[in-house]
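Reader: I have a structure open and want to learn how to read it. Can we go feature by feature?

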Amino acid sequence: MVRLSLDIEVTSHNLTYSIPRTKYLEQMEMSTVEQTEMSTVEQTEQTEMSTNPEAEKKKENKKGLRGTPAQATTRLLLHLWDLGGSKQEVKRKDLSDTVKLNNERSGDYTDIFKTLETDGTIKKTKKARIEYVFLTEQGLQVLDSGIKSADFEFDGSLVRAKDVKAVLNWIRERSSVAKVLDPGADAGQTGENAIASYETFESVVLEVYDKLNQDYNLDDLVPIYRIRREIGDSVSRSQFNEWLLEMQAKDILQLQGGSLPDSDPSQIEDSITTELSGLRCYAKRL
């Protein structure tokens, strides 16, 4: 029970306390001031959040796709390529785990996967309930355009080492191929433009194969002499023969016989002849 008089008497648990009226009013006034100050602080914090994007970002720390869908698509294709997806199938889970950024989930890329599959940019298969994806020739072109786009960039607050490494691998690979495919390149200079390893040779041959097959509608049978001439003096004739046969042994290419349309002796000479299988004029990608 509280009675206001000259003093304030407060009864609690059968005990009566007497508080001077002026003291009671001072306490009430201080309580009101504190509440007002707290309200002002909260309003100030809310104002800072609304005017400071970084503060808002830290507060929300929201989940979901980082950047634009186009940027996410390019990152996905880049990591698929870097995992070897243009030469062999890659587990979708492995790709998702690699491409995901902080606060992203695998489900954030579901629509992107569907779009890429519908467009023919990637191919999806399932084996024993495990999904695999493969980067098509069209996918390589989409990736190349995506990386060259002025809109492509990494999240400034999170640039991972594996993202940078994938881009560097792509640049080195394309640079090596460009030296072979560029008609303006000096093919007679074998020093800087020489193909020094089987791995580089395999990549260049597949690039040349796909380019010739697409540009001239060769129905997946590309004349070996045309591949040799596209590569030029970047590799010796004997090394070309050895490495191309190695690609056949690894079931990457199948070398087939047959006759050449012009029966030009130079074309036959630039094909491959072995003691066991004889003349092989065409290459077919497996």
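Author: We will take a sheet, a pocket and two residues in turn. Keep in mind that this is a predicted model.

Reader: Start with the sheet. In what order do the strands of the open sheet stand, and with what pairing?

Author: Read a sheet by listing neighbours. Here 3 strands form an open sheet in the order β4-β6-β5, and the pairing is antiparallel.

Reader: Which strands stand at the edges?

Author: β4 (90–91) and β5 (122–127) do. Each has a single partner strand, so one side of each lacks a neighbour in the sheet.

Reader: How many bridges join β5 to β6?

Author: Count 6 bridges between β5 and β6 (residues 130–135), which run antiparallel. For one example, find K126; its bridge partner in β6 is E131.

Reader: Which helix lies across β4, β5 and β6?

Author: Helix α3 (residues 69–82) does. Its direction is at about 95° to β6.

Reader: Now the largest pocket. What is its volume?

Author: The largest pocket has a volume of about 460 Å³. Next, look at the lining. It has 20 residues, and those closest to the pocket centre are F134, Y209, D210, R285 and L286.

Reader: Which elements give two or more residues to that lining?

Author: They are β6, α6 (137–148), α9 and β11 (282–285). Helix α9 gives the most, with 6 residues.

Reader: How do the lining residues divide into nonpolar, polar and charged?

Author: The lining of the largest pocket has 7 nonpolar, 4 polar and 9 charged residues.

Reader: Let me pick one of the central residues, D210. Where is D210 placed, and is D210 buried or exposed?

Author: D210 sits in helix α9 (residues 198–215). For burial, compare relative accessibility with the cut-off: buried means under 20%. D210 is at 13%, so D210 counts as buried.

Reader: Which residues does D210 touch?

Author: Set aside residues up to four places away in sequence; D210 then touches E137 and R285. R285 is also among the residues closest to the centre of the largest pocket.

Reader: Now R237. Where does R237 lie?

Author: R237 lies in helix α11 (residues 237–249). At 42% relative accessibility, R237 counts as partly exposed, because that class runs between 20% and 50%.

Reader: What does R237 touch?

Author: Leaving out residues up to four places away in sequence, R237 touches R228, E269 and D270.

Reader: And how are R237 and I272 separated?

Author: Compare two distances. Along the chain, R237 and I272 are 35 residues apart. In space, their C-alpha atoms are separated by 9.8 Å.

Note on methods. Residues numbered from 1 in each chain as written. Predicted model: local features only at pLDDT ≥ 70, side-chain atom pairs only at ≥ 80, totals over all residues. Heavy atoms only, no water. Helix = DSSP H or I, 4+ residues; strand = E, 2+ residues; numbered from the N terminus. Buried < 20%, exposed > 50% of the residue type's maximum accessible area, 1.4 Å probe, protein only. Contact = heavy atoms within 4.5 Å. Pairing = 2+ DSSP bridges. Axes fitted to C-alpha atoms, helices over the stretch in contact; angles between N-to-C directions. 1 Å grid on protein atoms, 1.4 Å probe; cavity = no way out; pocket = protein on both sides within 12 Å on 5 of 7 lines; lining within 4 Å. Points joined across faces, edges and corners; volume = space filled by probe spheres on them. Nonpolar A, V, L, I, M, F, W, Y, C, P; charged D, E, K, R; others polar.
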